[in-house]
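User: I am in my first year and would like a careful, close look at a single part of this protein, with each term explained when it comes up. Please begin with a cysteine and work outwards from there.

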Amino acid sequence: MNERKMGRVLIVAGSDSGGGAGIQADIKTVTALGAYAMTAITALTIQDTLGVHGIVDVPPRAVTEQMAVCLDDIGADCVKTGMLHSPEVVDAVLAGLARPSAPRDLVVDPVMVAKGGASLTTDATVAALRERLVPRARVITPNLPEASVLLGRPVETVAQMDAAAFDLLALGPGAVLLKGGHLAGDLVRDVLVSAEGLVHFDDPRIATRSTHGTGCTLASAIAAGLAQGLDLVTAVRRARAYVRKALATAPGLGQGHGPLNHGHTVRPFS
């Protein structure tokens with residue numbers, strides 16, 4: 001019998017009180033895809049579908065310690081990072097990743113702006129991510145605004161995406177998945193580049209306001225796949241399919257950007 005292993009994912013990210021993004025979305029996603037989720041919480045966000053109303057910091061040392069106890073006891077096959085809102089937190093994550101028990105596979109979702117438009121980072125944090133964490137990643141998953149910040153130039157068209165993805169690859173990660181969902185149009189393109197070359201993923205846009213947490217969800221779905229032993233392209237394909245169905249079957253909750261249906265692999269919303 002050729003059964004896929006469960007896979008263990010350690011998620012290092014902020015908490016979203018509304019449940020649509022951050023740690024909450026990450027746990028739902030990893031669990032729905034059959035892997036095991038652990039967490040190291042970096043911050044508490046006071047958040048709903050309308051926006052971020054406040055952020056409460058977690059001490060950087062506590063971030064490292066959360067990672068350490070999970071890695072040394074349960075172990076992990078992949079680490080996924082989300083909201084890292086200060087250079088000190090980035091360094092705390094790197095300290096955790098330096099442990100002998102840390103896995104090689106790292107998915108970095110360079111979260112910088114919440115869906116409602118609130119900034120979640122600083123220039124110093126961007127520099128720390130770009131210079132110290134991104135080169136450690138197996139894959140990074142920026143959207144176009146995040147790619148623009150990392151590269152220091154606008155990335156605003158489909159025509160610019162391939163070059164931007166290769167320039168992001170030059171920062172040192174093993175691969176880049178550049179997401180094109182912020183562009184207008186009926187087609188959504190994501191670009192995956194690595195040493196093996198370039199792959200385009202094109203799908204029709206799903207018309208919905210329930211888009212809160214799509215980036216967190218996609219990155220965690222990729223991390224689950226890598227933890228389960230999938231190759232990167234297969235992990236990305238499965239993750240994108242999972243997110244698309246979660247968008248298409250979203251429950252329509254909240255007054256703003258609503259959450260996805262993370263549980264569609266278990267049961268649909270009625």
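Is C70 buried or exposed, and what is its relative accessible area?

Analyst: C70 counts as buried because its relative accessible area is 13%, where buried means under 20% relative accessible area, exposed means over 50%, and partly exposed lies in between, with a 1.4 Å probe and protein chains only. Before going further, note that this is a predicted model, in which local features need pLDDT of at least 70 and side-chain atom pairs count only at pLDDT 80 or more, while totals for chains, interfaces and linings use all residues. Residues are numbered from 1 along each chain as its sequence is written, and side-chain values use heavy atoms, with hydrogens and water left out.

The closest cysteine sulfur to that of C70 belongs to C78, and because the two are 14 Å apart they are too far from each other for a bond. A disulfide is a covalent bond between the sulfur atoms of two cysteines, and here it is counted when the two sulfur atoms lie within 2.5 Å. The structure accordingly holds 0 disulfides. C78 is itself buried, because its relative accessibility is 0%.

C78 leads us to strand β4, which covers residues 78-81; strands (E, at least two residues) and helices (H or I, at least four) are DSSP runs, numbered from the N terminus. In a regular strand the side chains alternate between the two faces of the sheet. In β4, C78 and K80 point one way while V79 and T81 point the other way, and all of them are buried.

β4 has paired neighbours, and two strands are said to pair if DSSP finds at least two bridges between them. One partner is strand β1, made of residues 8-16, which runs parallel to β4 and is joined to it by 4 bridges. Within this pairing, L10 has V79 of β4 as its bridge partner. The strand β5, residues 106-108, also pairs with β4 in the parallel sense, over 3 bridges, and there T81 is matched with V108.

Just ahead of β4 comes D77, placed in the loop between helix α2 (60-73) and that strand. D77 counts as buried because its relative accessibility is 18%. A polar atom of its side chain lies 2.8 Å from the backbone nitrogen of R8, which can be read against the cut-off for a polar contact, a pair of N or O atoms within 3.5 Å (within protein, one must be able to donate a hydrogen and the other to accept it, and residues adjacent in sequence count only if both atoms are side-chain atoms). If residues up to four places away in sequence are not counted, D77 touches K5, G7, R8, P103, D105 and A227, contact meaning heavy atoms within 4.5 Å.

A227 in that list also brings in helix α7, which consists of residues 214-227. This helix is mostly covered, with 14 of its 14 residues buried, and after it comes G229, whose phi is positive, near 95 degrees.

The surroundings of β4 can also be followed through V93, which, leaving aside neighbours within four places in sequence, is in contact with V12, V63, M67, T81, L84 and L133. V93 is one of the residues with the most contacts inside the largest nonpolar core, a group of 43 residues in which L10, V12, M67, L133 and L178 are also named for their contacts. Such a core is a set of buried Ala, Val, Leu, Ile, Met, Phe, Trp, Tyr and Cys residues joined through side-chain atoms within 4.5 Å. Apart from the largest core lies another, of 34 residues, which includes A35, L232, V236 and V243.

L178, also named in the largest core, takes us a little further out, since it stands opposite V191 in strand β8. Strand β7 (residues 175-179) and β8 pair in the antiparallel sense, over 5 bridges, and β8, residues 187-194, is mostly covered, with 6 of its 8 residues buried. L178 is also touched by N143, together with K179 and H182, again without counting residues up to four places away in sequence. N143 sits in the loop between β6 (139-140) and α5 (144-151), and it is buried because its relative accessible area is 14%. Its side chain reaches the backbone nitrogen of E146 at 2.9 Å.

Note on methods:
The expected span of a helix is 1.5 Å times one less than its number of residues.
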